[in-house]
Amino acid sequence: MKVFNLLLLLIATIISCGHGESEFTYYGSMGPDHWSEHYNQCAGKHQSPININDVDVIGRGYEEIKYENFDKEPINATMTNNGHTVLVRLIYDDQAPLISGGPLSGKGNYEFQQLHFHWGEDNTVGSEDRINNVSFPMELHIVFRNIRYKDFAEASQRDDGIAVMAFFYEISEEQNADHDYDTFTSNLEKIELPNSMAKVDSVTLFGLMPENRQSYYTYIGSLTTPPCSEDVIWLDFISPISIAGNLLERFRSLKTYDGTPLTHNFRPVQPLNNRKVYKAMPHERVHQEGGASSIPIVDAWDNAASTSSQSFVLCGILMTVVSILTFNWFK
């Protein structure tokens with residue numbers, strides 16, 4: 001009887017863990033059109049992504065962005081297929097990478113949290129933000145938390161808590177030697193299935209970014225996945241990252257929870273409403289509009305991803321404990 005009860009517990013554990021895996025999708029009854037039915041903020045007025053029209057942006061001079069430890073290799077790096085994206089976490093022995101300056105001036109230092117990607121089924125779509133109604137085949141989000149707040153959850157409730165650096169990709173026939181995406185993406189075959197994880201070697205933030213980081217757009221938006229928390233400071237860098245087409249195809253080989261290919265994980269653009277988008281002008285200090293601007297940055301994906309990732313870990317631990325108990329009863 002005890003063995004039977006343990007088996008029931010194991011089945012219930014699997015079902016409960018599976019239920020949490022589909023908190024949202026990019027299609028069907030749990031797709032973006034239905035997110036606001038479960039997450040109220042997804043119907044907010046300051047949502048991301050957006051389409052950025054150059055004719056409407058406001059040129060503005062900012063102090064230079066300060067990058068600290070962006071060339072530092074982590075002591076541990078992992079990539080995970082969480083069913084929605086490729087999530088990369090980097091653990092450092094002491095100080096993690098920090099950014100400050102630019103539209104973050106006066107707000108303090110922002111510490112690296114994680115990075116992840118958005119892509120499409122072909123090279124005509126994939127990025128979340130668009131420039132002049134043009135979509136790129138993939139977009140990188142590097143997420144930061146203001147260190148004045150103890151964790152991401154608290155930071156996501158503040159108007160200066162989260163910043164996201166966004167980079168667009170362009171297809172190149174030649175691999176860019178400055179960005180070793182061949183080695184980096186070679187690990188993707190190890191995480192084809194959801195909840196699978198692989199170690200990543202020799203990766204730095206600068207190694208994944210373009211060399212030209214002077215020009216960027218910045219605006220106040222939201223996380224691009226549930227719970228769609230707003231007051232996020234976005235920095236969309238104009239210079240794209242070159243990547244070979246066959247390397248981008250490696251992302252499209254991943255699977256979702258229902259076993260289908262993960263080939264569409266970008267949210268449709270949202271109304272700009274009354275927001276203003278600014279463009280950082282290199283070597284310029286002339287404001288084309290008076291007054292100070294509070295411009296926050298972060299991605300819609302991360303808060304949900306962080307919570308979801310924690311749920312996956314807890315489910316895994318629980319399933320392991322139940323499995324051990326079940327094995328001992330059968331001995």
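## A tour of the strands, rings and one buried serine

Start by selecting residues 76–81 and 86–91: these are strands β4 and β5, which pair in the antiparallel sense over 6 bridges. Keep in mind throughout that the model is predicted.

Within this pairing, pick out Ala-77; its bridge partner in β5 is Leu-90. Then move to the turn of the hairpin, where 4 residues lie between β4 and β5. Select Gly-83 there and check its backbone: phi is positive, near 90°.

Next, keep β5 displayed and add residues 110–119, which are strand β7. β5 and β7 also pair in the antiparallel sense, here over 2 bridges. To find the contact by residue, select Val-88, whose bridge partner in β7 is Leu-115.

**Aromatic rings**

Now show the side chains of Phe, Tyr and Trp. How many aromatic pairs does the count come to? The count is 19 aromatic pairs.

Begin with Phe-136 and Phe-168. Their ring centres are 4.6 Å apart and their planes stand at 20°, so this pair is stacked. Phe-136 is in the loop between β8 (130–131) and β9 (138–146), while Phe-168 is in strand β10 (residues 162–172), so the pair ties together parts that are 32 residues apart in sequence. Are these two residues, Phe-136 and Phe-168, buried or exposed? Both are buried.

Stay on β10 and select Tyr-169 together with Tyr-181. With ring centres 5.6 Å apart and planes at 85°, this pair is edge-to-face. Tyr-169 belongs to strand β10 and Tyr-181 to helix α3 (residues 181–185); the pair links distant parts of the chain, 12 residues apart. Tyr-169 and Tyr-181 are both buried.

Extend the selection to Phe-117, Trp-119, Phe-184 and Phe-251. Together with Tyr-169 and Tyr-181 they form one aromatic cluster.

**A charge over a ring**

Select Arg-213 and Tyr-67. The charged end of Arg-213 sits over the ring of Tyr-67, at 5.1 Å from the ring centre.

**Ser-222**

For the last stop, select residues 216–222, strand β12, and centre on Ser-222, which is in this strand. Why does Ser-222 count as buried? Its relative accessible area is 0%, and buried means under 20%. Add Ser-48 to the view and look at its backbone nitrogen: the side chain of Ser-222 reaches that atom at 2.8 Å.

How values were computed: Residues are numbered from 1 along each chain as its sequence is written. This is a predicted model: local features need pLDDT of at least 70, side-chain atom pairs count only at pLDDT 80 or more; totals for chains, interfaces and linings use all residues. Side-chain values use heavy atoms; hydrogens and water are left out. Two strands pair if DSSP finds at least two bridges between them. Rings of Phe, Tyr and Trp (its six-membered ring) pair if their centres lie within 6.5 Å; planes under 30 degrees apart count as stacked, over 60 as edge-to-face and the rest as tilted. Buried means under 20% relative accessible area, exposed over 50%, partly exposed in between (1.4 Å probe, protein chains only). A charge sits over a ring if NZ of Lys or CZ of Arg is within 6 Å of the ring centre and within 35 degrees of the ring normal. A polar contact is a pair of N or O atoms within 3.5 Å; within protein, one must be able to donate a hydrogen and the other to accept it, and residues adjacent in sequence count only if both atoms are side-chain atoms.
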